[in-house]
Amino acid sequence: MQLTILLNVTSPVYDQVLKRLVSPISIEMKKLLLSLSLFGLTLLILPVNGIMEFDEMEWFTDFNGTKMFQTESDVYSEAKFPMVGLTLIQSAAAKGAVCLDGSLPGYHLHRGFGSGANNWLVQLEGGGWCDTIRNCVYRKTSRRGSSKYMEKNMPFTGILSDKAAENPDFYNWNRVKVRYCDGGSFSGDSENKAAQLQFRGKKIWLAAMEDLMAKGMRKAKQALLSGCSAGGLAAILRCDDFGAMFSPSTRVKCLSDAGFFLDSIDVSGGRSLRRLYAGVVKLQNLETKLPKDCLNRLNPTSCFFPQNLINQIKTPMFILNAAYDSWQIQESLAPKSADPSGSWHDCRLDYTKCNATQIQFLQGFRSRMVNLIKGFAKPSKNGVFLNSCFAHCQTERHDTWYSQNSPAVNNKGIAVAVGDWYFERGGAKLIDCAYPCDKTCHNLVFRG
């Protein structure tokens, strides 16, 4: 009986609270939904196959203080994965490169070894956006807006794993997780003095890259910029900037995981994600910070959508996405604000409860994603893995990145497809058939 735990942590007491609330007994309670608000913490125990907060792996603590997480096939303890310490960028403050609350930004670096000692993988953390003063003020009291609340150690799993059996192509590279604390996908450079908010994502990006360059990345033989969710969008926005940092002799590529957010019509006929992005662009004054070739053609909000950016990126890029992206279904296609009658409530939480009309709507979303990605997929330098799963972020998880039952398209798993593309081994353009044909998916299902 499998459970996964969703934590929305905004309190520094989270470790202590978890030790009291979560025990191994919980694993046997498959259909229990527990929602508890305490010290600003919400704990949900959910029977799903997916990740927490849609953006990254969340961990729970048993009574012995061992951090553990649940996947479809097993319970894993931290002993199986390296716990990598947080490095704050001390030079960042002088450059104005600070989190929403003015604290120092940071990253986690796990050094490479052997044949990978001069190769670098930089992963940009995800975590949504804040589009209003109120949301950003709230955000700066969490790890998404302040390094004061960030975990001091982070498990490196999936594409960040240091084990060849779990991460065959990148396990011995220098692997970096850049923390996300600006609320604007590493793109802003402004402030709101009245609310004491710093929108310095672009400067955080530059400060992190300069720090890593000084630690050996400048001499990289091979480099890969990746990111998940809002970090996947950032990987698209910053891809050519990353490529320009290296000499022509360095193999440099980018990977966007669950970052292909579409400007789509929601179930009410509106555009929920466009409204959100418009708020981010205006609040963080991104009108002049987004790619100029896009701004010459379209309005700034449109230039925050990957569909209007990907065909102009010069650096080789790989787009990995679920055709029925769980975050986009819940927050963009069928958010509560667009569904006042609640007719989409069950479907948005559990795809098996969608009726024929709802499935047809979702099939239309998939068709649009496929059509938008076709032009991008034509150049030989680019790669695509578009599977027909109800999921979000598939590179950072052990079970979806590389395991015996990982999702596959044409019998090729995600890690193999990414590796084949990066090292030019062939077969890097994989688009799945429509739901329900794929039986390899690790679908997200939320009970509530």
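Reader: Helices (H or I, at least four residues) and strands (E, at least two) are DSSP runs numbered from the N terminus. Which helices each supply at least two residues of the lining of the second largest cavity?

Author: Helix 8 (326–333) and helix 9 (345–349) each do so. This is a predicted model, in which local features need pLDDT of at least 70 and side-chain atom pairs count only at pLDDT 80 or more, while totals for chains, interfaces and linings use all residues. Residues are numbered from 1 along each chain as its sequence is written, and side-chain values use heavy atoms, without hydrogens or water.

Reader: What volume does the second largest cavity have, and which residues lie nearest its centre?

Author: Its volume is about 80 Å³. A cavity is a set of points on a 1 Å grid over the protein atoms alone where a 1.4 Å probe fits but cannot get out, and lining residues have an atom within 4 Å of a point. The second largest cavity has 13 lining residues, and S326, C347, R348, F390 and L444 are those nearest its centre.

Reader: How many cavities of 30 Å³ or more are there, and how does the lining of the second largest divide by class?

Author: The whole structure holds five cavities of 30 Å³ or more. The lining of the second largest comprises nine nonpolar, two polar and two charged residues.

Reader: Turning to charges, how many salt bridges are found?

Author: There are 19 in the whole structure, each being a side-chain nitrogen of Lys or Arg within 4 Å of a carboxyl oxygen of Asp or Glu. One of them joins K253 to E424, with the closest N and O atoms 3.3 Å apart. K253 lies in strand 15 (residues 251–257) and E424 in the loop between helix 12 (414–422) and strand 20 (429–431), so this pair ties together parts 171 residues apart in sequence.

Reader: Is K253 buried or exposed, and what of E424?

Author: K253 is buried at 4% relative accessibility, whereas E424 is exposed at 58%. Buried means under 20% relative accessible area, exposed over 50%, and partly exposed in between (1.4 Å probe, protein chains only).

Reader: What is the state of R397 and D399?

Author: Both are buried, and their side chains meet in a salt bridge of 2.6 Å, N to O. R425 and D420 form another, at 2.7 Å. There R425 is partly exposed at 45%, while D420 is buried at 10%.

Reader: Which residues are linked in a network of salt bridges?

Author: E125, R143, R144, E151 and R179 are linked in this way.

Reader: A change of topic: which strands pair with strand 7?

Author: Strand 7 (residues 83–88) runs antiparallel to strand 10 (residues 153–155), with three bridges, and V84 stands opposite M154. It also joins strand 8 (residues 106–110) through three antiparallel bridges; two strands pair if DSSP finds at least two bridges between them. L88 stands opposite G106, and T87 has Y107 as its bridge partner.

Reader: How many residues of strand 8 are buried, and which are bridge partners between strand 8 and strand 11?

Author: Four of the five residues of strand 8 are buried, so the strand is largely enclosed by the rest of the structure. Strand 8 also pairs antiparallel with strand 11 (residues 174–178) over four bridges, where H108 partners K177.

Key
1 Å grid on protein atoms, 1.4 Å probe; cavity = no way out; pocket = protein on both sides within 12 Å on 5 of 7 lines; lining within 4 Å. Points joined across faces, edges and corners; volume = space filled by probe spheres on them. Nonpolar A, V, L, I, M, F, W, Y, C, P; charged D, E, K, R; others polar.
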